[in-house]
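I opened my notebook to record how the helices of this chain are arranged, and I began with one pair before turning to the chain as a whole.

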Amino acid sequence: MRRSDVLAEESVLCLQKALTHLREIWELIGIPEDQRLQRTEVVKKHIKDLLDMMIAEEESLKERLIKSISVCQKELTTLCSELHVEPFQEEGEPTILQLEKDLRTQVELMRKQKKERKQELKRLQDQDQELCEVLCTPRCDVHSDSVPTLEELNQFRQHVAALRETKASRREEFVNIKKQIILCMEELDHTPDTSFERDVVCEDEDAFCLSLENIATLQKLLWQLEMRKSQNEAVCEGLRAQIRELWDRLQIPVEEREAVAMVMTGSKAKVKKALQLEVDRLEELKMQNLKKVIEAIRAELAQYWDQCFYSQEQKQAFAPFYDEDYTENLLQLHDAEIVRLRNYYESHKELFEGVQKWEESWRLFLEFERKASDPSRFTNRGGNLLKEEKQRAKLQKTLPKLEEELKVQIETWEQEHAQPFVVNGQKFVEYVTEQWEMHRLEKERAKQERQLKNKKQTETEMLYGSAPRTPNKRRGLAPTTPGKVRKLNTTTMSNATANSSIRPVFGGTVYRSPVSRLPPSGSKPVLTSTCSGKKTPRAGRHGADKENLELNGSILSARTVKGLQI
């Protein structure tokens, strides 16, 4: 049994006991029956009115619960539709009170979700509006009246995050470009003269519209300023080069050069102005010293002629070089020629440097060839001969390789420019071939000269005998003193001088033989003997009774030699 049922029975018992107690009181008092009836009616009415009132209240509560259930169901249906969720389904068969409570709780939850989504949407819309205003882009098309779905909110968040990243990247680009623009303006002494330039330089960075158009205009402005800066730098550098050139030509002292050293760097407007003033001053000074300037240009021209391997005809083609009438017109001609020649050299610098390298290698090769034909090189000490031979062998390998590389480069250049590459008035290939041919002819000439000289020397020695030679000092041997010479055995000396061998044409030791010659007065011949200071040849090798002499592989008798001498 329910406790409510027990309480109901107890209420009935209480009512009965109360009525019984009232009757007993009335009995003791002696209230008549009709009054008892009236009093009982009053008690009944009070009880009935109280119960009716209670019943009415409970019925009203029931009606309110039923009405609340109906309202909650309708609202819940609407909220589920707006939030795009499944309709609420109550499990089982709950009582009116439980159903009303569950529906009300679910409605409150749905209302909270709706409110949160609306707030999130409002926050994202505010951020989107702010970012779109900064980036100058259209706003995202989202209806603020409807409740967004979770998917729509997620997409909106991603959209706002992308805008935020775009803003950050554009802002970083804007700040970097702004710094460069400010530096360029300071370098150019440029004051912002347009509204856009003032917005960039003077306004707050957060107030600048980071649209693609503004960023492009910003980049264009930076490019224009950098172009002006580059032009200024080029102009300033050209003025500096002109100043240095005029300094050298006019032989300006170092002290005077240091006075303008502060403007020799930078490209600001004041620096450019100072450089121009210095150029104007030097130009005026140049006009006052035409002869000195023209001679300086001619020295530079001669240097470029050598670097460009000009032939004598090419040099003479510039007739003003030899003009002695120093005028302004002559200076202009020289200036134009030096500019042309300088540009010509710079545009073909690689080829000229290659030819110069070949020239240096060729001179070194000729030097090694000359040393190779010098007999005195064998007397060098310290390993110089070995070093020279290594260098010579290396040069013999690298020189042809360098020639081939230059030939390929020059052929390519000639094809591109449709004109021959000239070195000393000749095509390079012809020039190299001529150098080799001249070297070959020089070797042949030197060889013939040596042969002719040796032939003449041989004939002279055959007619008059070989000339005495000072012996080479040998290490470890004491020098021969005159006292020791006098102590030599006379027999040995006579044997050594009786019949000595004649030196061959290409090497060998020569010992002079005594020859009888008639004096101019017709007196008796005087026997002359030569003691060379060398060790006397052994008797077995050069005997006193030897009758034959050996010369270039042919045998001549002593009588024949004496006959030739007579």
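I looked first at helix H6 (residues 212–250) and helix H8 (residues 269–288), whose axes come within 9 Å and cross at roughly 30°. Because angles under 35 degrees count as roughly parallel, H6 is roughly parallel to H8. I noted that axes are lines fitted to C-alpha atoms, for helices over the stretch in contact, with angles running from 0 to 180 degrees between N-to-C directions.

I then listed who makes the contact (heavy atoms within 4.5 Å): H6 contributes residues including Val-235, Leu-239, Arg-240 and Trp-247, while H8 contributes, among others, Leu-275, Glu-278, Val-279 and Leu-282. Sorted by class, this contact has 12 nonpolar, three polar and five charged residues.

I wrote down two cautions about the source: this is a predicted model, in which local features need pLDDT of at least 70 and side-chain atom pairs count only at pLDDT 80 or more, whereas totals for chains, interfaces and linings use all residues. Residues are numbered from 1 along each chain as its sequence is written, and side-chain values use heavy atoms, with hydrogens and water left out.

Next I checked helix H4 (residues 150–188): at 1.5 Å a residue its 39 residues should span 57 Å, and its end C-alpha atoms are 56 Å apart, which agrees. After H4 comes Asp-189, which has a positive phi, near 55°.

For the whole chain I recorded 17 helices and four strands, where helices (H or I, at least four residues) and strands (E, at least two) are DSSP runs, numbered from the N terminus.

Key. Angles under 35 degrees count as roughly parallel, over 145 as roughly antiparallel, 65 to 115 as roughly perpendicular and the rest as oblique. Ala, Val, Leu, Ile, Met, Phe, Trp, Tyr, Cys and Pro count as nonpolar, Asp, Glu, Lys and Arg as charged, and the others, Gly among them, as polar. The expected span of a helix is 1.5 Å times one less than its number of residues.
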